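Visitor: Could you walk me through this chain, starting with one helix and then moving outwards? I would like to know what sits where, and on what grounds.

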Amino acid sequence: MEKRPRHRPTRKYPEASRQIFVSEVSHCVHCGSELAVRTNWHMRKTIQTMKGPLFLAGRAKVCTNEKCSHPGTRYYASQVLLLSMPSSTYGLDVLAYIGWRHEHEQRQFVEIQRELNKKGIAINERNVGKLYRQYLALLGATSKAIRKRLDVIVEKHGGLVLGVDALQPEGHGSLLYVLYEILSGTVVSAIQVEAPSEKELAAWLRAYEKYPVLANITDGEERIIAALRAVWPNAARQRCQEHFLGNLADEVLEQDTRLRKEMRVDLGGLPKITDLLNDSPLF
């Protein structure tokens, strides 16, 4: 009997909030030239988060200096990796919620599913288990596939460009710290802890100490900066520009979302331009 493909329901979220990211790297790590923003998206999707559906998109930057030792190098908008895994339609905060409830509060998958359903997240028990396994893989040792990708980047560029950031999932006081590589757009690892110290963060990062690091990018949290400095003291450091722009844009995005809703209501009853052209007399 021929195996039929698994049915995946199509979900649409017309009222989803929007979050657009541009690569946080401003200059090429090889030649120091200012990077140019690419016009097309390197990723875009809608994900379910604990705060509701979110349309997520990222735009990379590229080195256009022909004299650079690595011309054409792309620097991905890796902030998207703090919100969702590359192949997932759920937010990292959903993974963290599932992992924390199952690991620390001994909730069964079916219980977690019901909790998430009540919070407006469409998910079944099977996918709760799948996300829990992703959570364990994220917090565990780096897989062979990821190490292979990192080795390729080191061989090509002479080192990695690492970013570290943290999010606080809804429902408890723990923080999920995520380590990602910007040149390849790879989520490397994560750790979920409550109020970690500099030494705890450094101990987590030392698992990847063997990799040479060209530069690292953070949100400016002093504990993260100190931990990175302890593990890779010679790497260049940059504060993520996107956090500044994001803070400025939050209120604008809220106004933009409300305006789009009002325009949809006010203009939804108007006839289409093609209908008007068909009905207009010819001269």
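**One helix, then its surroundings**

Guide: On one side of α4, the residues K144, A145, K148, E155 and K156 are exposed, opposite the buried side of this helix. Please keep in mind throughout that this is a predicted model.

Visitor: Which residues of α4 are buried, then?

Guide: The buried residues in α4 are I146, L150, I153, V154 and H157. They lie on the same side of α4, because the arc that they cover around the axis is only 100 degrees. As a general point, an α-helix has 3.6 residues a turn, so residues three or four places apart point the same way.

Visitor: And what covers the buried residues of α4?

Guide: The cover includes four strands, namely β7 (160-167), β8 (175-181), β9 (186-193) and β10 (213-218).

Visitor: How far apart are the end C-alpha atoms of α4, and what should its residues span?

Guide: Helix α4 takes in residues 144-157, and at 1.5 Å a residue its 14 residues should span 20 Å; the end C-alpha atoms are 20 Å apart, which agrees. Just after α4 comes G158, which takes a positive phi of about 85 degrees.

Visitor: Let me go to the strands you mentioned. How many residues of β9 are buried?

Guide: In β9, 8 of its 8 residues are buried, so that the strand is mostly covered. Strand β9 also pairs with β8 in the antiparallel sense, over 7 bridges, and one of the partnerships to look at is that of Y177 with I191, the latter being in β9.

Visitor: What about the hairpin of β8 and β9, how many residues are between the strands?

Guide: There are 4 residues between the strands of that hairpin, and within the hairpin G185 takes a positive phi near 65 degrees.

Visitor: Where is there a positive phi in a residue other than glycine?

Guide: One of these residues is A195, with a phi near 45 degrees, placed in the loop between β9 and α5 (198-205). With a relative accessibility of 61%, A195 counts as exposed. Another is Q106, which is not a glycine and yet has a positive phi of about 55 degrees; Q106 is found in the loop between α1 and α2, and at 54% relative accessibility it too counts as exposed. For background, most residues other than glycine have a negative phi.

Visitor: Staying with α1 and α2, which residue forms a salt bridge with R101 at 2.5 Å?

Guide: That is E115, whose closest N and O atoms with R101 are 2.5 Å apart. Since E115 lies in helix α2 (residues 109-118) and R101 in helix α1 (residues 92-103), the pair ties together parts that are 14 residues apart in sequence.

Visitor: Is R101 buried or exposed?

Guide: R101 is buried, its relative accessible area being 14%. E115 is buried as well, with a relative accessible area of 18%.

Visitor: Which residues do salt bridges that share partners join into one network?

Guide: The network joins R101, E105, R107 and E115. Within it, E105 forms a salt bridge with R101, the closest N and O atoms being 2.1 Å apart, while E115 forms one with R107, where the corresponding distance is 3.8 Å. Unlike the buried R101, E105 is partly exposed at 27% relative accessible area, and R107 counts as partly exposed at 29%. The count of salt bridges comes to 5.

Visitor: Changing topic, what is the order of the open sheet of 3 strands?

Guide: The order is β2-β5-β6, with antiparallel pairing. Strands β2 (36-37) and β6 (74-75) stand at the edges with a single partner strand each, so one side of each is left without a neighbour in the sheet. Between β2 and β5 (residues 61-62) the pairing runs over 2 bridges, and V37 has K61 in β5 as its bridge partner.

Visitor: To finish, how many helices and strands are there in the chain?

Guide: The chain has 8 helices and 11 strands, and 43% of its 283 residues count as buried. Among contacts with a separation of 6 or more, 60% are between residues 24 or more positions apart. The accessible surface comes to about 16600 Å², with 52% of it belonging to carbon and sulfur atoms.

Terms used. Residues are numbered from 1 along each chain as its sequence is written. This is a predicted model: local features need pLDDT of at least 70, side-chain atom pairs count only at pLDDT 80 or more; totals for chains, interfaces and linings use all residues. Side-chain values use heavy atoms; hydrogens and water are left out. Buried means under 20% relative accessible area, exposed over 50%, partly exposed in between (1.4 Å probe, protein chains only). Contact means heavy atoms within 4.5 Å. Accessible areas come from the Shrake-Rupley method with a 1.4 Å probe; for residues, only the protein chains shown count as cover. The expected span of a helix is 1.5 Å times one less than its number of residues. The arc is that of the directions from the helix axis to the C-beta atoms. Two strands pair if DSSP finds at least two bridges between them. A salt bridge is a side-chain nitrogen of Lys or Arg within 4 Å of a carboxyl oxygen of Asp or Glu.
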